[in-house]
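Biologist: I am new to this structure and would like a close look at one part of it. Please walk me through that part step by step.

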Amino acid sequence: MIKSKRDRGRILTVSGLKKLNEAIQEWSDRYNIRGTLTEIEAESGVGSDTVSKIRQGREGADLSKIRQLFAVFDLTLADGDHRSAKLDEAEDADESGNLSPAEDTAASSRSVKVFVSYRSAQAERELGVQLATALSAIGHTVFTTENSIRLGDNWFDRINFFLQECDYLLLLLPPSGSQSELLTYQVQQAKELQDSRADKKPVILPIRVGFPLSAPLNHDLRGYLYRIKQREWQTSADTPIIIEEILTLLAETPTPGKDEPEESTPNQLLQISSDRIPLPAAEPELPGGQVDVASQFYVERRPIEERCYQTILQPSALIRIKAPRQMGKTSLMARILHHASCQNYRTVPLTFQLVDKTVFANLDKFLKWFCAYVGRELHIANQLDDYWDDIFGSKVNCKDYFEKYLLPQIDTPLVLGLDEIDRVFQYPDIAEDFLGLLRAWHEESKRRDIWKKLRLIVVHSTEVYIPMNINQSPFNVGLPVDLPEFNAQQIQDLAARHNLNWSDAEVGELMAIVGGHPYLVRVALYHISRADLTLDELKESAIADAGIYSDHLRRQLWNLEEYPELATGMREIATADNPVQLKAIQAFKLDSLGLVKLQGNECVPRCELYRQYFRSHLSEIE
């Protein structure tokens with residue numbers, strides 16, 4: 001029998017959903033139970049699938065079942081608590097009066113596009129589905145990875161499409177230990193889109209799911225979400241409150257973003273004051289970004305650390321840290337800065353990867369921003385107008401600002417930690433002058449007392465491609481630090497810190513898969529120590545789509561697919577039995593991604609994991 005248009009069931013409105021969720025939460029608290037679907041089914045007699053349908057709003061449910069569910073929790077189902085599952089049909093238009101104020105406002109004003117980003121974990125998925133349902137029900141266009149990516153689609157292409165199309169990125173943040181590379185990638189891409197657009201879209205709306213505001217984000221997310229206020233979700237009772245706020249926000253007409261200086265960026269809705277911004281930190285188990293200076297899982301690669309600690313306390317100090325991605329560069333820089341601060345030095349870490357693209361518009365704007373940023377971190381008032389004179393040029397003005405204003409304001413040495421300076425290499429017109437300026441300051445520090453206050457740490461992954469006079473480059477002076485991989489002894493020590501009593505043979509088995517790559521080693525030890533899998537199971541599942549390295553490998557694959565010449569080079573390396581010689585720039589870029597090792601002018605895969613994965617996944621590249 002063909003059902004009538006009205007035989008589509010009913011969906012709870014925001015007010016109805018709020019009543020039900022609060023009642024279920026109160027019931028769960030009263031009896032000290034989790035309130036799972038199975039427990040609700042046993043209590044109410046309504047099937048778990050129907051309960052899920054009612055609470056998530058995926059499709060209409062039978063009105064009698066909704067009444068039954070309400071009744072068991074001592075609720076009365078009012079007219080305004082539910083509506084037709086097909087509100088968009090003309091014959092149901094008269095039911096729009098049942099909408100809550102926020103729904104009614106949104107439905108009567110504007111429609112926007114929202115990318116709701118969440119993991120498959122139960123709490124995040126349930127909240128994500130409810131948010132997506134509430135937004136779709138009133139006419140907004142909603143993208144989710146669950147419903148908008150089909151079998152065979154390129155994951156990264158689809159994510160890029162969602163981010164480019166959406167007005168808002170509704171970001172459900174898991175606890176730090178589950179903040180993956182793919183999550184960081186989404187936020188990074190959204191920030192880059194904001195920087196390139198006059199309307200500053202997509203607007204990022206972060207919601208912490210079971211992750212309190214007092215807990216720190218990982219290092220990269222902390223930078224990308226700097227100044228953006230976050231909401232916190234702990235139980236299903238918070239769901240209607242979050243939905244109501246999001247619907248109200250989306251119903252408002254946004255004010256176009258303005259290209260303003262960093263220090264005067266206006267607060268957005270969903271923003272927190274600077275004293276609540278989480279400090280850089282990393283979970284002491286699962287690796288991700290910078291390792292906290294107090295972490296017991298940081299592995300020293302002696303004598304590197306001690307040499308850096310001694311050097312930074314010397315006048316004219318310049319330390320150059322070079323290594324591929326995820327080898328520990330930022331963590332080492334953080335420790336050097338911490339050591340300097342313990343000597344009462346002033347320290348300013350600056351990560352160029354988090355700098356807006358608009359800052360790189362020209363040298364003058366870039367150097368003004370640089371001066372303003374350092375001054376702000378030192379809590380020194382911005383006096384750029386008093387020291388910037390166009391007749392002298394940007395480099396002289398920048399030098400004067402440090403020499404005559406910033407450095408005289410402080411009584412102790414200043415250490416600047418310039419992380420991911422590779423980003424500047426992408427702008428040759430700026431890079432040559434800025435890097436030359438750093439070299440000039442280093443030389444000045446050997447002659448003049450005022451410049452002896454300044455110490456520099458320069459961190460990068462790649463070789464410098466900008467042609468520079470050897471006497472103007474900062475990359476041939478100071479203390480060079482080329483971070484190596486972990487050796488067998490260091491891995492065995494790290495395993496012991498994870499309460500694993502490993503033999504030399506077991507260390508060798510892990511190194512046969514991932515070599516001494518610090519990030520890959522720590523991921524393996526974390527999961528093995530938690531009994532998520534054994535070493536034998538890791539050997540069998542390392543390159544599997546659901547394996548512990550799946551996020552990391554997909555991210556690296558996307559990096560290659562974005563640059564076909566790199567993908568072609570990596571395929572050649574992964575499929576060859578002997579070292580392969582590539583063009584110098586290809587080899588340097590693959591090395592900076594951490595995918596290969598350079599042996600003179602030739603390349604080999606950095607580890608067997610990469611050889612197997614990319615041999616399989618790059619085989620179809622022409």
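Biologist: Take Phe392 as the starting point: does Phe392 count as buried or exposed, and at what relative accessibility? Please go on from there to the helices around it.

Modeller: First, a caution: this is a predicted model. Phe392 counts as exposed, because its relative accessibility is 52%. The cut-off for that label is over 50%. Phe392 is found in a loop, between helix H15 (384–387) and helix H16 (394–406). It does not face the surface alone. Ile391, Phe392 and Val396 form a nonpolar patch there. Together the three have about 330 Å² of accessible area.

Now look at the two helices on either side of that loop. Tyr387 lies in helix H15 and Tyr401 in helix H16. Their rings form an aromatic pair, and the arrangement is edge-to-face. The centres are 5.7 Å apart, with 85° between the planes. The pair ties together parts that are 14 residues apart in sequence, because one ring belongs to H15 and the other to H16. The two partners differ in cover. Tyr387 is partly exposed, with a relative accessible area of 25%. Tyr401 is buried, at 1%. A search of the whole structure finds 22 aromatic pairs.

Rings also gather into a cluster. Ring pairs link eleven residues if you follow the list: Phe352, Phe360, Phe366, Trp369, Phe370, Tyr373, Phe402, Tyr427, Phe434, Trp441 and Trp451. Another ring has a charge as its partner. The charged end of Arg335 sits over the ring of Tyr298, 3.6 Å from its centre.

Next, stay with helix H16 and turn to charges. Side chains of opposite charge can pair when their charged atoms come close. Asp433 and Lys395 do this: their side chains meet in a salt bridge, 3.3 Å from N to O. This pair links distant parts of the chain, with Asp433 in helix H18 and Lys395 in helix H16, 38 residues apart. Both ends are partly exposed. Asp433 has 26% relative accessibility, and Lys395 has 36%. Salt bridges that share partners also join Lys399, Glu403, Glu444, Arg447 and Arg448 into one network.

Compare that with a salt bridge inside a single helix. The side chains of Asp364 and Lys368 meet at 3.7 Å, N to O. Asp364 and Lys368 are separated by about one helical turn, because they are four residues apart in helix H14 (residues 363–377). Asp364 is partly exposed at 23% relative accessibility. Lys368 is partly exposed too, at 31%. One further salt bridge joins the side chains of Glu443 and Lys446, at 3.6 Å, N to O. Lys446 counts as partly exposed, with 47% relative accessibility. The whole structure holds 24 salt bridges by this search.

Helix H18 deserves a second stop. It spans residues 428–444, and His442 lies in it. His442 counts as buried, because its relative accessibility is 7%. The cut-off for buried is under 20%. What does His442 touch, once residues up to four places away in sequence are set aside? The answer is Ser316, Leu318 and Val477. Take Val477 from that list. His442 and Val477 are 35 residues apart in sequence, yet their C-alpha atoms are 8.8 Å apart in space.

A second buried residue, from another helix, can be read in the same way. Leu193 lies in helix H9 (residues 181–196). Leu193 is buried, with a relative accessible area of 16%. Leaving aside neighbours within four places in sequence, Leu193 is in contact with Leu163, Gln164, Lys201 and Pro202. Leu193 and Gln164 are 29 residues apart in sequence and 7.3 Å apart in space, C-alpha to C-alpha.

Finally, step back to the whole protein. It has 27 helices and 15 strands. Of its 622 residues, 52% count as buried. The protein exposes about 28200 Å², and carbon and sulfur atoms supply 47% of that area. Consider the contacts with a separation of 6 or more: residues 24 or more positions apart account for 73% of them. The bridge between Asp433 and Lys395, 38 residues apart, is one link between distant parts of the chain. That brings us back to where we began, with Phe392 in the loop between H15 and H16.

Key. Residues are numbered from 1 along each chain as its sequence is written. This is a predicted model: local features need pLDDT of at least 70, side-chain atom pairs count only at pLDDT 80 or more; totals for chains, interfaces and linings use all residues. Side-chain values use heavy atoms; hydrogens and water are left out. Patches are made of residues with over 30% relative accessible area and no salt bridge: like charges are joined within 9 Å, nonpolar side chains (Val, Leu, Ile, Met, Phe, Trp, Tyr) within 5 Å. Accessible areas come from the Shrake-Rupley method with a 1.4 Å probe; for residues, only the protein chains shown count as cover. A salt bridge is a side-chain nitrogen of Lys or Arg within 4 Å of a carboxyl oxygen of Asp or Glu. Helices (H or I, at least four residues) and strands (E, at least two) are DSSP runs, numbered from the N terminus. Buried means under 20% relative accessible area, exposed over 50%, partly exposed in between (1.4 Å probe, protein chains only). Contact means heavy atoms within 4.5 Å. Rings of Phe, Tyr and Trp (its six-membered ring) pair if their centres lie within 6.5 Å; planes under 30 degrees apart count as stacked, over 60 as edge-to-face and the rest as tilted. A charge sits over a ring if NZ of Lys or CZ of Arg is within 6 Å of the ring centre and within 35 degrees of the ring normal.
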